[in-house]
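Visitor: Before we start, please show me the model. I will then ask why each label applies.

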Amino acid sequence: MTRSIKDILLEKETKITELGKDGTYIAVNFSRKTQNDLKALAVALEVDNPLPRSKMHCTIVYSRKPFKDFTIHGKMKEPWIGTPTKLEIFPTQSGKRALVLRFECKEMVDRHEYFNKEYGAQYDYDEYKVHATLSYDVGDDWEIPKDFRFKEYVEKIEVSEEYYEPLNLDWAKANADSKDEDKKEEKKDD
């Protein structure tokens, strides 16, 4: 069932009234089940530098143009549901190769377009591609295995929370060393 933006806005909202110095960043977190499924997918693919579950997200707005006086949803009463479509490798701003799972989610596209239209959000890429990053650095030689059945690991993507942060232009540094976080997560799971 697809929900309209109007229905979603009736949920608990947070008004953002401050400008980020370098811009505006809006993203979503996934449900714990989706995080676990994405982690299992990364393990099955044997990728280098897999993201810890706590860093798994999907960007809605990455705008170097700051804006304010908008509303984010916070935790959602009903998750947005995305349908995984394919694995893909994206070049990163730091020259590395990121592995992502692309997925379709109308609500994500609607939110992205809403912020572009209503607030003049800027986007650094030609096209908004809804995705979950599995690794920001799979190495130079790693390739997506042919005929790999990713839907055996991730049948759907559950988006559970929308959040805002001031844009961090050094985000790649913050995500580069995720191995310590992975170890902490493994201990919690034991």
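Guide: What follows goes through salt bridges, strands, a helix and the nonpolar cores.

Guide: This is a predicted model, in which local features need pLDDT of at least 70, side-chain atom pairs count only at pLDDT 80 or more, and totals for chains, interfaces and linings use all residues. Residues are numbered from 1 along each chain as its sequence is written, and side-chain values use heavy atoms, with hydrogens and water left out.

Visitor: Why is the pair of Lys 75 and Glu 161 called a salt bridge?

Guide: The term requires a side-chain nitrogen of Lys or Arg within 4 Å of a carboxyl oxygen of Asp or Glu. For Lys 75 and Glu 161 the closest N and O atoms are 3.7 Å apart, so the pair qualifies. A search of the whole structure finds ten salt bridges.

Visitor: What does the pair of Lys 75 and Glu 161 tie together?

Guide: Lys 75 lies in strand S5 (residues 74-91) and Glu 161 in strand S8 (residues 157-166), so the salt bridge joins parts 86 residues apart in sequence. Strands are DSSP runs of E, at least two residues, and helices are runs of H or I, at least four, numbered from the N terminus.

Visitor: How do you know whether Lys 75 is buried or exposed?

Guide: Buried means under 20% relative accessible area, exposed over 50%, and partly exposed in between (1.4 Å probe, protein chains only). Lys 75 has 63%, so Lys 75 counts as exposed.

Visitor: What makes Arg 102 and Glu 88 a salt bridge, and where do they lie?

Guide: Their closest N and O atoms are 2.8 Å apart. Arg 102 lies in strand S6 (residues 97-104) and Glu 88 in S5, so the pair ties together parts 14 residues apart in sequence. Arg 102, at 15% relative accessibility, counts as buried, and Glu 88 is buried at 14%. Lys 86, Glu 88, Arg 102 and Lys 129 are linked in a network of salt bridges.

Visitor: How do you know that S5 and S6 pair?

Guide: Pairing needs at least two bridges found by DSSP between the strands. S5 and S6 have eight, in the antiparallel sense, so they pair. The bridge partner of Lys 86 in S6 is Arg 102. S6 also pairs with strand S7 (residues 131-135), in the antiparallel sense over four bridges. Seven of the eight residues of S6 are buried.

Visitor: How do you know that the length of helix H2 agrees with what is expected?

Guide: The expected span is 1.5 Å times one less than the number of residues. For the 14 residues of H2 (residues 32-45) that should be 20 Å, and the end C-alpha atoms are 20 Å apart, which agrees. Buried residues of H2 include Leu 38, Leu 41 and Leu 45. Glu 46 follows H2 and has a positive phi, near 55°.

Visitor: What makes a set of residues a nonpolar core?

Guide: The members are buried Ala, Val, Leu, Ile, Met, Phe, Trp, Tyr and Cys residues joined through side-chain atoms within 4.5 Å. The largest such core has 40 residues, and those with the most contacts inside it are Ile 26, Phe 30, Leu 38, Ile 60 and Met 108. Apart from this core lies another, of five residues, among them Tyr 25 and Tyr 163.
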